[in-house]
Amino acid sequence: MTTHDGCQLPPPEWAELNRTLAFGDATARARVAPFPPVALMQNVSGLTNEQDFASHGADFWLAFSASAPKPLAEYATVLDFGCGCGRMARMLKGHPGRVFGCDIDERHIRWIGEHLPYVEATQTQPDHPLPYASASMDLVISISVFTHLNERSQDILLSELHRVSRPGGTLMLTIHGERALERVRTEQRIWDMVNIERGRFEEACRQFAAGRHAFVLQQGHLTTAAFQYGITFVPGSYVANHWGRWFDVRRHVSGALHDFQDLLVLEPR
């Protein structure tokens, strides 16, 4: 791999290589990161096809690249927080700095540790401190984590991400905002996908309209006696006021990921 390969390529070229070219040519395939097994892909994304999984990663790469203050490959230390089985971490192949990834699922971390050697992968525990030194990360990326947390868990992690971020660093985190709420409310396919009770959703809508953190608990999946998992909707006013304890909001891009999740670009206070 040359110094101008992988994620150091222009974002459209790297996205196209991952999305399309790698599936038609063995040489191109060797230039991209490997794919996790179907069971892991399905666990994090509902996808069972490598090209669909690659396409999601390419979409995310383009969205994040378009909103970042500088090219993602120029950050010296990058944390993929809640990395899953590498939907975004795959796109960091060829990064010249240090790439860290953490997740609460041991299966994901084991696979990344065995197949993405450029990622320093660590299993973490819900609502616990992160295993990183203070002011150690120049860039923090997080996709589909704060979309599922109750307010207590959210605040623990926001505080921790603030702690590990360097002054002047960048955080790029996704949330369910106004666009996601509207699509759940109006599109049957999206309603079926989120699979929540109507009464609880209506209460979340009222909380959201009042400018509050709106969390709908889901039983099963990751919910345990010690940790609550669900669907979370966060209004922009709440981000500005509540998240403002830790961060300044530099950009808020509505529907940046698949016209659904919002992308927040933050700087630690």
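Reader: Which is Ala33, buried or exposed?
Author: A quick word first: this is a predicted model, in which local features need pLDDT of at least 70, side-chain atom pairs count only at pLDDT 80 or more, and totals for chains, interfaces and linings use all residues. Residues are numbered from 1 along each chain as its sequence is written, and side-chain values use heavy atoms, leaving out hydrogens and water. Buried means under 20% relative accessible area, exposed means over 50%, and partly exposed lies in between (1.4 Å probe, protein chains only). With a relative accessible area of 1%, Ala33 is buried.

Reader: Where does Ala33 sit in the secondary structure?
Author: Helices (H or I, at least four residues) and strands (E, at least two) are DSSP runs, numbered from the N terminus. On that scheme, Ala33 is placed in the loop between helix H2 (26-31) and helix H3 (38-45).

Reader: Which residues is Ala33 in contact with, leaving aside its neighbours within four places in sequence?
Author: Contact means heavy atoms within 4.5 Å. Ala33 also has Met91 at 7.5 Å, C-alpha to C-alpha, although the two are 58 residues apart in sequence. Beyond those sequence neighbours, the contacts of Ala33 are Arg90, Lys93, Leu116 and Tyr118.

Reader: Arg90 catches my eye; which ring does it lie over?
Author: A charge sits over a ring if NZ of Lys or CZ of Arg is within 6 Å of the ring centre and within 35 degrees of the ring normal. Arg90 is 3.8 Å from the centre of such a ring, and the ring is that of Phe35.

Reader: How many aromatic pairs are there?
Author: Rings of Phe, Tyr and Trp (its six-membered ring) pair if their centres lie within 6.5 Å; planes under 30 degrees apart count as stacked, over 60 as edge-to-face, and the rest as tilted. One cluster is formed by Phe81, Phe146 and Trp243. The count of aromatic pairs by this rule is 6.

Reader: What is the geometry of the pair formed by Trp191 and Phe201?
Author: The pair links distant parts of the chain, with Trp191 in helix H8 (residues 188-194) and Phe201 in helix H9 (residues 198-209), 10 residues apart. Trp191 is buried at 13% relative accessible area, and Phe201 is buried at 2%. The ring centres are 5.4 Å apart with 70° between the planes, which makes the pair edge-to-face.

Reader: Which residue lies over the face of Trp191?
Author: The pairing with Phe201 is not the whole story for this ring. At 3.9 Å from the ring centre of Trp191 lies Arg198.

Reader: How many disulfides does the rule give?
Author: A disulfide is a pair of cysteine sulfur atoms within 2.5 Å. The sulfur of Cys83 has its closest cysteine sulfur in Cys102, at 6.3 Å, so that separation is too far for a bond. Cys85 is in no disulfide either, with the sulfur of Cys83 the nearest at 8.7 Å. The number of disulfides is 0.

Reader: What is the relative accessible area of Cys85?
Author: Cys83 is buried, with a relative accessible area of 5%. Cys85 is buried as well, and its value is 0%.

Reader: Which residues does Val239 contact, leaving aside its neighbours within four places in sequence?
Author: Val239 is part of helix H10 (residues 236-241) and is buried at 1% relative accessible area. Its C-alpha is separated by 22 Å from that of Arg200, 39 residues away along the chain. Outside the excluded neighbours, Val239 is in contact with Ile175, Val234, Gly244, Val249 and Leu264.

Reader: What is the phi of Asp259?
Author: Asp259 lies in the loop between strand E8 (247-257) and strand E9 (261-268). The residue is partly exposed, with a relative accessible area of 36%. Its phi is positive, in a residue other than glycine, and near 55°.

Reader: What radius of gyration does the chain have?
Author: The radius of gyration is taken over C-alpha atoms, and the globule rule is 2.2 Å times the number of residues to the power 0.38. The C-alpha trace spans about 55 × 40 × 35 Å along its principal axes. For 269 residues, a compact globule would be near 18 Å, and the chain agrees, with 18 Å.
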